[in-house]
Amino acid sequence: MKKIPASRSNLLLMEMIISVLLFSFASAVCLQIFVKASLLSKDTAELDAVVRYASSAAEILSQPEHTIEHFKTFYPEASVEEQEAYLWFDEVFNICTREEAAYEMQAASSPKDGHTTIWSVIIRRSNSLEELYRLEGTAYRQHTLLEDQ
């Protein structure tokens, strides 16, 4: 029986150790990439839902003939107080009660003059009140000849 010289077995052992270390390093890098991608996907889904709801509310408020009371007709679950409306969402952006809410939307509308209305929509996290998205705008109701008479 032939014996493998010690120097060759030591070299083989060193190669295996280096291979395992490289594989471990590559695995750690790949794991970090997957975790980052998962977090980015979650943040993107959250921002997408926030933008959709804010755009929907802005579409309602940007109509010059609509007041904040019209918000209640589109969202019956909303709480309307004077010139503001509030709507609450859970973690997956289903409309819910204030107690169960993870997010809240505040829509406000106020007349500037006889024909101009200023509106804003703010969506924030309920627990930290961190503002996630804000839309502001102005609605102008065209002056017509029938209104002059």
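**A colleague's note on the fold and its core**

1. Let us start with one residue: Ser 109 is buried, because its relative accessible area is 5%, and buried here means under 20%. The model you are looking at is a predicted one. Ser 109 has its place in strand S4. Setting aside residues up to four places away in sequence, Ser 109 touches Leu 61, Ile 68 and Gln 83, as well as Thr 117, Ile 118 and Trp 119.

2. Now a step back, to get your bearings in the whole chain. The protein has three helices and six strands. Read from the N terminus on, the order of these elements is α-α-β-β-β-β-β-β-α.

3. A few overall values may help as well. The protein has 149 residues, and 28% of them count as buried. Its exposed area is about 10,900 Å², with 60% of that supplied by carbon and sulfur atoms. If you take the contacts between residues at least 6 apart in sequence, 35% of them join residues at least 24 apart.

4. Which strands does S2 pair with? With S1, for one: three bridges join S2 to strand S1 (residues 79–81), and the two run antiparallel. Here Val 80 stands opposite Ala 85 in S2. S1 and S2 make a hairpin that leaves two residues between them. In that turn, look for Glu 82, which has a positive phi of about 50°.

5. S2 also pairs with strand S3 (residues 95–96), through two bridges and again antiparallel. The partner of Trp 88 in S3 is Cys 96. This pair, too, is a hairpin, with five residues between S2 and S3. Phe 93, in the turn, has a positive phi of about 60°.

6. Then there is S4, joined to S2 by six bridges in an antiparallel arrangement. One pair to find on screen is Tyr 86 with its bridge partner Gln 106 in S4. Is S2 enclosed or open? S2 is largely enclosed by the rest of the structure, because five of its six residues are buried.

7. Please spend some time with the largest nonpolar core, which has 24 residues. Within this core, Phe 71, Met 105 and Val 121 touch the most other members. At least two core residues come from each of helix H1 (6–61), helix H2 (68–74), strand S2 (84–89), strand S4 (103–111) and strand S5 (116–125). Which element gives the most to this core? That is H1, with eight residues. As background, nonpolar side chains in soluble globular proteins tend to be buried together.

8. Met 105 is a good place to see the core from within. Leaving out neighbours within four places in sequence, Met 105 is in contact with Tyr 53, Ala 54, Ala 57 and Phe 71. Its contacts also include Ala 85, Tyr 86, Leu 87 and Phe 89, and so do Val 121, Ile 122 and Ile 123 belong among them.

9. Finally, turn to the surface. Leu 13, Met 14, Ile 17 and Leu 21 form a nonpolar patch there, and together they have about 400 Å² of accessible area. Met 14 is found in helix H1. Is Met 14 buried or partly exposed? Met 14 counts as partly exposed because its relative accessible area is 48%. H1 therefore appears twice in this note: Met 14 of the surface patch is in H1, and H1 gives eight residues to the largest nonpolar core, whereas Met 14 itself is partly exposed.

Terms used. Residues numbered from 1 in each chain as written. Predicted model: local features only at pLDDT ≥ 70, side-chain atom pairs only at ≥ 80, totals over all residues. Heavy atoms only, no water. Core = buried A, V, L, I, M, F, W, Y, C linked by side-chain atoms within 4.5 Å. Buried < 20%, exposed > 50% of the residue type's maximum accessible area, 1.4 Å probe, protein only. Helix = DSSP H or I, 4+ residues; strand = E, 2+ residues; numbered from the N terminus. Contact = heavy atoms within 4.5 Å. Patch = residues over 30% accessible without salt bridge, like charges linked within 9 Å, V, L, I, M, F, W, Y side chains within 5 Å. Areas by Shrake-Rupley, 256 points an atom, 1.4 Å probe, with all protein chains shown as cover. Salt bridge = Lys/Arg side-chain N within 4 Å of Asp/Glu carboxyl O. Pairing = 2+ DSSP bridges.
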